[in-house]
Amino acid sequence: MKQICVVGVGYVGLITAAGFADLGNRVIALDISKEKIEGLKNGEMPIYEPGLEELVERNVKSGRLTFTTSYKEGLDEGTEFVFIAVGTPSGVDGEADLQYVEAAASDVARNMSGELVIINKSTVPVGTGDWVAGIVRRNQPEATPFSVVSCPEFLREGSAIFDFMNPHRTVLGSLDRDAADKVAQLHLPLRAPIVITDLRTAEMIKYASNAFLATKISFINEIANICEALGADVTEVATGMGYDERIGHHFLNAGLGYGGSCFPKDVLALAHMAEEKGKHPQLLHAVMDINADRRPMAVERVIQMLGGDVKGKTIGMLGLAFKPNTDDMRDAPSIDIATQLIAAGATVRGYDPVSMEVAAPLLPDVEMYTDPYSMAAGCDALMVNTEWNEFKQLNRRQLRESMKQPVIFDGRNIYDPDEMKELNFIYRGLGRGYNGANTAEK
Ligand code: UGA
């Protein structure tokens with residue numbers, strides 16, 4: 001059993017803290033937000049993540065997981081490891097804003113009571129590990145030995161606990177091999193391959209991984225556009241491609257493109273880092289451009305499906321969160337789509353199984369409904385923005401009967417076009433030229 005302090009109880013921090021506690025360590029989760037820490041002490045989660053509440057509760061009960069706002073308490077003499085897992089939002093030019101990392105590193109330096117391994121979990125620009133080491137050195141009241149290790153996270157929202165417990169790999173970067181080995185020991189129970197490298201390379205592995213996944217998404221979205229023009233079905237193209245092990249089935253779902261707090265920010269930050277060094281990251285720019293085009297394209301589609309004008313029409317959005325199993329609205333396509341439809345004169349309604357509370361203040365002009373059927377009643381069109389399982393199981397006959405016009409634009413390709421035709425819907429997915437049935441591309 002090791003004693004660990006985790007700084008930041010946001011997405012990554014809280015899952016890391018609860019995860020390491022569950023592996024048998026004593027973990028002190030620290031945040032400067034009194035509100036979040038008080039909430040956690042009362043069993044309130046600051047984020048929605050399936051299974052998180054139970055995981056936190058179990059480890060709090062066993063005494064392995066505690067919460068504090070005090071660095072003194074978090075870094076008492078028993079603490080050997082401190083994870084920095086604070087936010088790194090996008091700055092004005094797309095560079096990562098490191099103010100929270102800087103504040104956390106200097107607070108750690110001022111309060112450390114003995115030798116410490118400082119582990120960077122936040123996604124930070126290549127070179128930040130060295131910078132953090134400098135901050136710690138400058139802020140220590142007296143020289144105390146420490147090492148910095150980069151350990152990027154690869155958690156997906158919605159399945160973050162599964163991903164923590166079943167990682168594909170653990171990446172560790174440090175100039176101090178002993179420190180990296182100590183952090184490797186912490187991860188041994190997870191039985192994943194461990195890659196130990198230098199600091200900058202570890203930081204780069206994180207950016208390159210997210211940029212590659214974003215590239216796969218933009219690639220299949222470009223193929224979707226071509227499929228539509230040529231009369232092919234992108235969902236089947238992706239299945240056919242995916243059996244080639246060099247390609248794989250993952251991240252080939254064409255749709256409204258990527259959103260969330262990671263891909264948009266990380267691809268932009270990587271391009272920014274490249275440009276700062278005089279490089280021209282053409283592929284990254286194409287990935288971002290293709291992604292940005294998806295939202296206005298979806299809006300145009302719906303307008304087209306409603307005869308070229310949505311003034312006075314009512315459109316219901318099935319799904320508001322950027323992806324299923326989360327209430328996260330950061331860079332969610334639904335925000336841009338709603339704004340553009342409203343600007344075009346439509347009345348927009350919204351329903352999401354979990355993100356309503358988070359979404360409502362961000363979408364003040366969208367009429368919110370607490371169930372999909374009452375939202376659909378009287379609508380001229382429905383749009384699928386998020387592929388929640390709940391939407392796959394909707395009684396579509398009932399939906400159609402209550403709608404003013406039976407129009408569905410499926411931005412995530414969750415329905416079968418032939419079935420939708422049988423149900424007498426005017427239906428369109430994305431990249432499904434051939435199977436577009438009664439709405440096939442001309
Ligand atoms: C992503 C990565 O998958 C994680 O490995 C990484 O740790 C995390 O970013 C991070 O850097 O913190 P996440 O943003 O939670 O995780 O979500 P993903 O499941 O990767 O989806 C990202 C976006 O891509 C979503 O908007 C999703 O709808 C979209 N997507 C995904 C597609 O449009 N098509 C696909 O085939 C897959």
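How far does a polar side-chain atom of Lys323 lie from an oxygen atom of the ligand? I looked this up and found 2.8 Å.

**Entry 1: ground rules**

I am working with a predicted model, in which local features need pLDDT of at least 70, side-chain atom pairs count only at pLDDT 80 or more, and totals for chains, interfaces and linings use all residues. Residues are numbered from 1 along each chain as its sequence is written, and side-chain values use heavy atoms, with hydrogens and water left out.

**Entry 2: the ligand**

I looked up polar contacts (a pair of N or O atoms within 3.5 Å; within protein, one must be able to donate a hydrogen and the other to accept it, and residues adjacent in sequence count only if both atoms are side-chain atoms). The side chain of Glu153 has an N or O atom 2.5 Å from an oxygen atom of the ligand. For Phe322, a polar backbone atom is 3.5 Å from a ligand oxygen. Next I checked the ligand's area (Shrake-Rupley method, 1.4 Å probe; for residues, only the protein chains shown count as cover). Alone, the ligand exposes 720 Å², and the protein buries 93% of that.

I then listed the residues near the ligand (one heavy atom within 4 Å). There are 20 around the ligand, and Glu153, Glu157, Lys206, Asn210 and Cys262 come nearest. I sorted this shell into nine nonpolar, four polar and seven charged residues. Here Ala, Val, Leu, Ile, Met, Phe, Trp, Tyr, Cys and Pro are nonpolar, Asp, Glu, Lys and Arg are charged, and the others, Gly among them, are polar.

Which helix gives the largest share of the shell? It is α9, with three residues. Helices (H or I, at least four residues) and strands (E, at least two) are DSSP runs, numbered from the N terminus. Both α9 (199-230) and α11 (263-276) supply at least two shell residues each.

**Entry 3: the rings**

Rings of Phe, Tyr and Trp (its six-membered ring) pair if their centres lie within 6.5 Å; planes under 30 degrees apart are stacked, over 60 edge-to-face, the rest tilted. I count five aromatic pairs by this rule. Phe20 and Phe83 are stacked, 5.2 Å centre to centre with 25° between the planes. Phe20 is in helix α1 (residues 11-22) and Phe83 in strand β4 (residues 81-84), 63 residues apart. Tyr258 and Phe263 are edge-to-face, at 5.9 Å and 85°. Both are buried (under 20% relative accessible area; exposed is over 50%, partly exposed in between; 1.4 Å probe, protein chains only). Phe20, Phe83 and Phe164 form one aromatic cluster.
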